[in-house]
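This report describes the internal spaces, helix packing and backbone features of one protein model. The sequence and structure are shown first, and the description follows.

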Amino acid sequence: MNTTTMSKQDLIDFENGIADKFDNGEISYLVHLAGGNEDQLIEIFKEINEGDYVFSTHRNHYHYLLSGGSPADLEHKILNGRSMYVFNRKLNFFSSSIVAASPCIAAGVAWALKMKGSKNKVWCFNGDAAEDEGHFYEAVRFVDGWDLPCTFIIEDNDRNVNATKKERRGTDKNFPWPSCVRKYHYVCPYPQGGNGRNKWIEFKKPAVIENPPQRQSSDIPTNIVPEKNIKYFEAVKESMEKLAKDKNTIFVGYNVRHGSAYNSLKEIPLEQRLETPCAENLMAGLSIGMSFEGFRPVLFYERHEFVYNAIDSIVNIMDVLETISDGEFTAPVIIKAVAGSVKPFYAGLTHTGDLSNIFRTLVHFPVYSPKTAQEVSCAYELAKFSKTPVMICEKKEFY
């Protein structure tokens, strides 16, 4: 079922109109114009139903219009600097200007839909540059392996900025992706950015610079009244069990089923523990996507250094999502990150760092570092009711 009445000519006329407005200096923001793939997209969108999720890229105008988005609404977004950040929660429309940032999130939504028995599906559009990213591979393999209701569509215009596939990869042969990946080829009449008319433009008004979200306090309240005399690890374990009482809480990561996250999840039902590949960015993306469907993910990293591999999802999406989507989307994920210890044995330089202060400079949401059992309990209680992401940095030496 096509979710819109937009025709091929309607799409072309809309984009040409945006190109003219850019030429006239009415858009003092970066725009990525679409074109040349109207026929392919109209056919694909005949399969997309109301309630399905559509994930798009920086070149998202056609996807939004074909999802049922209002042309007037889209033009307003573009004129106000939202060309790369088009979101609509009612339409389940999500976009990202970071190459291959969406596939892992799309996989998380697809997992959630399958767990809920929903008939809705996820459609994730990517340029051919996304094929070069390991993040794309991680998501595709996860979706294919678990038979999730997600289709990845590669829109191949043979251009990563300006470089062809052969220039980038040494060959222009197609990679044999599984059946959850589709691909079509087209020629885009517009360059990577702008309208390609090569004239000096005097913009009529300056761009409004976005303010990042205000950094939230990472201080744990000092007026904590101990409920009982327990040790640090007992407080961690008890906090996990309290979170798990809500059946929508899902513990995500590797070693959450077999190692039970250092035994802190030992009493939690297996169906609430999602064992993942050793792919930290995928884990974070899955958690973001799950949260869109009402799940409360607890994302487990057994070493602080391993969080580095997930910085793309955590910093580029999770941290700024509410701001760039104008509040349309939020991702209240609890990140449980353990700083390694040097006892009883030394695990090495890349497994024993406490990077809490570094994380605080990277994100705007709270990064708690509890030093006592009471602070552990309080930190997780705060995280439980938070509407934003929260990171809790446990110290293994206190276990």
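## Cavity, helix packing and pocket

Two helices, α12 (311–318) and α14 (356–362), each contribute at least two residues to the lining of the largest cavity. The model is a predicted one, and the values given here are computed from it.

Rolling a probe the size of a water molecule over the atoms shows where empty space is left. In this structure there is one cavity of 30 Å³ or more, and the largest cavity encloses about 40 Å³ of space. Its lining is made up of V307, I311, I314, V315, F359, L362, V363 and M391. Helix α12 provides the largest share of that lining, with three residues. By class, the lining of the largest cavity comprises eight nonpolar residues, with no polar and no charged ones.

Helix α12 also packs against another helix. The axes of helix α10 (residues 280–292) and α12 come within 7 Å and cross at roughly 35 degrees. On the α10 side, the contact is made by N281, A284, G285 and I288, and on the α12 side by I311, D312, S313, I314, I317 and M318. This contact of α10 with α12 divides into six nonpolar, three polar and one charged residues. Thus I311 and I314 appear in the contact with α10 and also in the lining of the largest cavity.

Two packed helices are described by the angle between their axes and the distance between the axes. The table sets out these values for two further pairs.

| Helix pair | Angle between axes | Distance between axes | Handedness of crossing |
|---|---|---|---|
| α8 (232–244) and α15 (373–384) | about 20 degrees | 8 Å | right-handed |
| α5 (102–115) and α6 (134–146) | about 20 degrees | 8 Å | left-handed |

For the first pair, helix α8 and helix α15 pack at an angle of about 20 degrees. Because angles under 35 degrees count as roughly parallel, α8 is roughly parallel to α15. The residues of α8 in this contact are Y232, A235, V236, S239, M240, K242 and L243, and those of α15 are A373, V376, S377, Y380 and K384. Eight residues of the contact of α8 with α15 are nonpolar, two are polar and two are charged.

For the second pair, α5 and helix α6 pack at an angle of about 20 degrees, with axes 8 Å apart. That angle makes α5 roughly parallel to α6. Helix α5 makes the contact through P103, C104, A107, W111 and K114, while α6 does so through H135, F136, E138, A139, F142, V143 and W146. The contact of α5 with α6 has nine nonpolar, one polar and two charged residues.

Helix α5 takes part in the largest pocket as well. The volume of the largest pocket is about 400 Å³. It is lined by 32 residues, of which T57, H58, V99, G127 and A129 are the closest to its centre. At least two residues of the lining come from each of α3 (61–66), α5 and β3 (122–127). Strand β3 gives the most to this lining, with three residues. The lining of the largest pocket contains 14 nonpolar, 14 polar and four charged residues.

Finally, two backbone features deserve mention. Most residues other than glycine have a negative phi, and most peptide bonds are trans. A100 is not a glycine, yet has a positive phi of about 65 degrees. This residue is placed in the loop between β2 (93–95) and α5. K343 and P344 are joined by a cis peptide bond, with omega about 5 degrees. P344 is found in the loop between β9 (334–339) and α14, and α14 is one of the helices that supply residues to the lining of the largest cavity.

Key. Residues are numbered from 1 along each chain as its sequence is written. This is a predicted model: local features need pLDDT of at least 70, side-chain atom pairs count only at pLDDT 80 or more; totals for chains, interfaces and linings use all residues. Side-chain values use heavy atoms; hydrogens and water are left out. On a 1 Å grid over the protein atoms alone, a cavity is a set of points where a 1.4 Å probe fits but cannot get out, and a pocket is an open set with protein on both sides within 12 Å along at least five of seven lines; lining residues have an atom within 4 Å of a point. Grid points are joined across faces, edges and corners, and a volume is the space filled by probe spheres set on the points. Helices (H or I, at least four residues) and strands (E, at least two) are DSSP runs, numbered from the N terminus. Ala, Val, Leu, Ile, Met, Phe, Trp, Tyr, Cys and Pro count as nonpolar, Asp, Glu, Lys and Arg as charged, and the others, Gly among them, as polar. Axes are lines fitted to C-alpha atoms, for helices over the stretch in contact, and angles run from 0 to 180 degrees between N-to-C directions. Angles under 35 degrees count as roughly parallel, over 145 as roughly antiparallel, 65 to 115 as roughly perpendicular and the rest as oblique. A crossing is left-handed if the near helix is turned anticlockwise from the far one by less than a right angle, and right-handed if clockwise. Contact means heavy atoms within 4.5 Å.
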